[in-house]
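Please look through the structure shown below, and keep it in view while reading the paragraphs that follow.

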Amino acid sequence: MTPDELERLLGDPYDPLNPYGFVAAVARDAQDAFPEELCAKLREAGFHLNYLPPDWGGRFESFDRSMLLVRTAARRDLNVMPGTMFGITAATCLALHGSPEQRKRAGEILTEGGAIGFALSEAGHGSDLLANTARLEPAAEGWELTGDKWLVGLGHRCEAAYVVAKTGERGPAAYSAVFLDLTTGTNGLDRGPQVPAAGMRGIDFADLSFDRFPVPREALVGREGEALESVMKAQQVVRVMSMAGSLGIADTALRQTLDFAADRRVGRTTVLRSPYPRRELAIASAALLAADATALAASRGIHVLPETFSVWGCAAKHVVAESTEEILRRCGGVLASRAVLRDGIFQKLQRDAQIVRVVDTSPLANLRSFASQLQQTFSLSFRGAGNCATSPDAPAAKEHIQTIFNLEEPLPPYAPDRLDLNARGHDPVTAALPLIAPKALARLTAPTDHPAAELVTRLVTAVDSLPADLANTDRDTGLIDVAERFTWLHAAASCLHLWWANEHNPFFTTGWLHATLAHLLARATGTDLRRAGDAQLPALDITTDLHDHDQLFSALPVHLA
């Protein structure tokens, strides 16, 4: 299935009678209803198979393809993601350390459209996983599980659960994972009432309570003490797919706002042609184009250099989630009263965005997860960066960048066993700037200077200053601030690499580069985005053209129904 085929299958989302359209999504939201009909239609078409490997009975090919499919579906209703894909975290953990029997059973459940719950967090501890208290105690036939797990997705519907609990006393190695088949018996398990959430209304969240729940010995996933390693690696994958949800929300928000702005007249002109709202929509457009590029690069990078994804994935997730918030804020300002109507799609988008923003971890925990790697990252990636092009690793680095960022290059197969908890000082995106920036500047200044050239120079200077910024900051709040600045510069470098590697692709114009760099550098420096408003105006020209031609707001073309 291609995204174009998916669009044709689900029909025009603006049709008020379409059960897979916006009106139906808003009606379900008002009733806290699960998207039964929509998810059934998607399962019938095999949509849910696109994150499962072929040896599990799935159709996964690459993350850029799967992310585009999910994004295309999620623009109609984000609830299609939890409704069809909440098993992705458990599946990834089992792919890393599960036994053949566990993988076979998981594949059976998921390919048939069932659900596997992921039970990690506890209400009293949140993202402080080392404080969790649910425990596995030895018993005659294996273990007994006692404790409470919080906000388990599809907790009432799931036929199995991947549960993390303590088998030791302290530290990461004190936690083990078990894969529980919940269809064979539920003595000692209370699924509790459904927990309502502000967004993703109608999706089944439940608190699972275990009281001496019997766990057979063969339910252990991998070895004792390695659960958190699996979980942290799996979250890198979930971050890639969660970005698809954010981009789907952003697409609909901007599309709805452009419709309003083009039709609504103010005096002798339209809202779209009025200077202030036009600038706001240009900022929103630049944010979406930059987020699209950042997510696209990440979805390809995990195939080529999965070892670096503990840094790369966190940076991309932060940029895409925060950019979606920015898009909603700017669009909400243009829509004004229409942004707060209870029976409109926009309020649902706002609430859903808050959920997908924290679906794998909170924004602060996401920044903290790679902030501790910053010292090593900067010392290795930027020390002597000016000599990168002549170093022994330069040919390999150039090949990696070419494969990742040239959209015509085939990707190697995804290798989850190469995921790592620490990038060991490497962010290939920013580290490749000394290799690419001089060539980009030469293209931008021949035959005459383009304003984007100055932004490329500013980007290189900003990246070079990061080690000094890190050295001069405190080890608490300041470290998080530098980490956040790094995410925006990482995104800007991704945009530059995409522009450079796709010279003959008509999407990646110099205007596109100018708008995305201006936006991302303003975010990196904390500058009011309106001060770079003129530089971001080309982004609005790009999104309005895509909208006029019924195309997804993406570098990868998708024709919309």
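Which residue meets the side chain of Arg-75 in a salt bridge? In this predicted model, the partner is Glu-7, and the N to O distance between the two side chains is 2.9 Å. The two residues belong to distant parts of the chain, since Arg-75 sits in the loop between helix 4 (63-74) and helix 5 (80-85), while Glu-7 is part of helix 1, 68 residues apart. Arg-75 counts as buried because its relative accessibility is 2%, and Glu-7 counts as buried because its relative accessibility is 1%, where buried means a value under 20%.

This pair is one part of a wider set, for the count of salt bridges comes to 31. Another of them joins Arg-201 to Asp-29, with the closest N and O atoms 3.8 Å apart. Arg-201 lies in the loop between strand 6 (189-190) and strand 7, and Asp-29 lies in helix 2, so this salt bridge ties together parts that are 172 residues apart in sequence. The two partners can be described separately by their exposure: Arg-201 is partly exposed, with a relative accessible area of 28%, whereas Asp-29 is buried, with a relative accessible area of 6%.

A further salt bridge is found where the side chains of Asp-64 and Arg-300 meet, at 3.3 Å from N to O. Here, too, distant parts of the chain are linked, with Asp-64 in helix 4 and Arg-300 in helix 9 (residues 275-304), 236 residues apart. Both Asp-64 and Arg-300 are buried. Salt bridges can also form a network, and one such network links Glu-280, Glu-326, Arg-329, Arg-330 and Arg-523.

From charged pairs we can turn to the nonpolar residues. In soluble globular proteins, nonpolar side chains tend to be buried together. The largest nonpolar core of this model has 189 residues, and those with the most contacts inside this core are Tyr-162, Leu-180 and Trp-512. Helix 8 (residues 227-263) supplies the largest share of the core, namely 18 residues.

At the surface, which residues form a negative patch? The patch is made of Asp-12, Asp-15, Asp-545, Asp-548 and Asp-550. One of its members, Asp-12, can be found in the loop between helix 1 (3-10) and helix 2 (22-30), and Asp-12 counts as partly exposed because its relative accessibility is 36%. Another member, Asp-550, is placed in the segment after helix 21 (533-548), and at 40% relative accessibility Asp-550 also counts as partly exposed.

Asp-550 brings us to the backbone. Most residues other than glycine have a negative phi, and most peptide bonds are trans. Asp-550, although not a glycine, has a positive phi of about 55°. Arg-212, which is likewise not a glycine, has a positive phi of about 55°. Arg-212 lies in strand 7 (residues 205-216), and this residue is exposed, with a relative accessible area of 55%.

Which peptide bond, finally, is cis? The bond from Ala-446 to Pro-447 is cis, with omega near 0°, and Pro-447 has its place in the loop between helix 16 (433-444) and helix 17 (451-464).

Conventions: Residues numbered from 1 in each chain as written. Predicted model: local features only at pLDDT ≥ 70, side-chain atom pairs only at ≥ 80, totals over all residues. Heavy atoms only, no water. Patch = residues over 30% accessible without salt bridge, like charges linked within 9 Å, V, L, I, M, F, W, Y side chains within 5 Å. Areas by Shrake-Rupley, 256 points an atom, 1.4 Å probe, with all protein chains shown as cover. Salt bridge = Lys/Arg side-chain N within 4 Å of Asp/Glu carboxyl O. Lys, Arg positive; Asp, Glu negative; His and termini not counted. Charge placed at Lys NZ, Arg CZ, Asp CG, Glu CD. Helix = DSSP H or I, 4+ residues; strand = E, 2+ residues; numbered from the N terminus. Buried < 20%, exposed > 50% of the residue type's maximum accessible area, 1.4 Å probe, protein only. Core = buried A, V, L, I, M, F, W, Y, C linked by side-chain atoms within 4.5 Å.
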